[in-house]
Amino acid sequence: TEDWFVRSHFLPLLRRARDDGFDVVVAARLSGALPDVRVIDTPFPRGSMLPWDMARQVAHLREVLVRERPDFVHAIALKPMALLALSGHSGAARVFALTGRGYLGVRRSLWARIVNGGLRTALRRALSEPRSVLLVENTEDRDWLSDNGDLDGKTLIMPGAGVDPDAYTPAPEPIQGPIVVGLVARLIWTKGVDLAVAAV
């Protein structure tokens, strides 16, 4: 939904696609974070799952897809996946890249259960169509959409989006002094800040 998120997490993917001869276009909210990529400013408020907001966003995405006529669409994160599935657009191959379920994965309220059920149904329907694949970072997200492994043939597991472990050298355990623990995340409970504090 955000061009800065594409830059921070998926810029190598864009560069690789362009090097392979693809014409790369990003549909996201425009902040100027991708000066070397064509970005279609797309109003995707991340937090809203209200039906009228979703309907407006689906209509906008459908208009973009009809105008651009892509050969394939790579929908990154749950909101764009849902919008692509609900758009009914099937003229392109589609990659549904689930990077986590955010608050929907941890909330247990009635509203969250209803939204979860509706999204799961829409995504399963979209994945049943030809030339559609699911890309996940863990087996839990795969299992959320799968019924007893029925999506295994259409699912690829990519464990993580970003850190090259070879770029870091483990340091020896400190002998004395305080141990400093860092948590790199937004300070919201869905990121597990409370669990990190409890663990310390």
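User: What does arginine 67 count as by its relative accessibility?

Analyst: The general idea is a scale with three grades: buried means under 20% relative accessible area, exposed means over 50%, and partly exposed lies in between (1.4 Å probe, protein chains only). Arginine 67, at 47% relative accessibility, is partly exposed. Please keep in mind that this is a predicted model, where local features need pLDDT of at least 70 and side-chain atom pairs count only at pLDDT 80 or more, while totals for chains, interfaces and linings use all residues. Residues are numbered from 1 along each chain as its sequence is written, and side-chain values use heavy atoms, with hydrogens and water left out.

User: With which residue does arginine 67 form a salt bridge?

Analyst: Side chains of opposite charge can pair when their charged atoms come close. The rule applied here is a side-chain nitrogen of Lys or Arg within 4 Å of a carboxyl oxygen of Asp or Glu. Arginine 67 pairs in this way with glutamate 68, and their closest N and O atoms are 3.8 Å apart. Glutamate 68 is itself partly exposed, at 27% relative accessibility.

User: Which residues are linked with these two in a network of salt bridges?

Analyst: The network joins Arg38, Glu63, Arg67 and Glu68. Within it, the side chains of arginine 38 and glutamate 68 form a salt bridge of 2.7 Å, N to O. That pair links distant parts of the chain, 30 residues apart, with arginine 38 in strand β2 and glutamate 68 in helix α2 (residues 51-68). Names like these follow DSSP runs numbered from the N terminus: helices are H or I with at least four residues, strands are E with at least two. Arginine 38 has a relative accessible area of 42%, so it is partly exposed.

User: How many salt bridges are there in the whole structure?

Analyst: The search finds 11. Another one to look at joins arginine 29 and glutamate 2, whose closest N and O atoms are 2.6 Å apart. Arginine 29 is in the loop between β1 (25-28) and β2 (38-41), and glutamate 2 is in the segment before α1 (3-19), so the pair ties together parts 27 residues apart in sequence. The two partners sit differently on the scale: arginine 29 is partly exposed at 34%, while glutamate 2 is buried at 6%.

User: In what order do the helices and strands run?

Analyst: The protein has 6 helices and 6 strands. From the N terminus on, the order is α-β-β-α-β-α-β-α-β-α-β-α.

User: How many residues of helix α3 are buried?

Analyst: Here you can apply the scale to a whole element. In α3 (residues 78-87), 9 of the 10 residues are buried, so the helix is largely enclosed by the rest of the structure. Among them are Leu78, Met81, Leu83 and Leu84, and also Lys79 and Ser87. Across the protein, buried residues make up 34% of the 200 residues.

User: Which residue follows α3, and what is its phi?

Analyst: Glycine 88 follows, with a positive phi near 75 degrees. Most residues other than glycine have a negative phi, and most peptide bonds are trans. That gives you a reason to look at arginine 69, a residue other than glycine whose phi is positive, near 50 degrees. Arginine 69 lies in the loop between α2 and β3 (72-76) and is exposed at 70% relative accessibility. Arginine 131 also has a positive phi, about 60 degrees, without being a glycine. Its place is the loop between α4 and β5 (132-136), and at 51% it counts as exposed.

User: Which residues form a nonpolar patch on the surface?

Analyst: A patch takes residues with over 30% relative accessible area and no salt bridge, joining like charges within 9 Å and nonpolar side chains (Val, Leu, Ile, Met, Phe, Trp, Tyr) within 5 Å. Areas come from the Shrake-Rupley method with a 1.4 Å probe, and for residues only the protein chains shown count as cover. Here Ile179, Val181 and Val200 make up the patch, with about 360 Å² of accessible area together. Valine 200 lies in the segment after α6 (193-199) and is exposed, with a relative accessible area of 77%.
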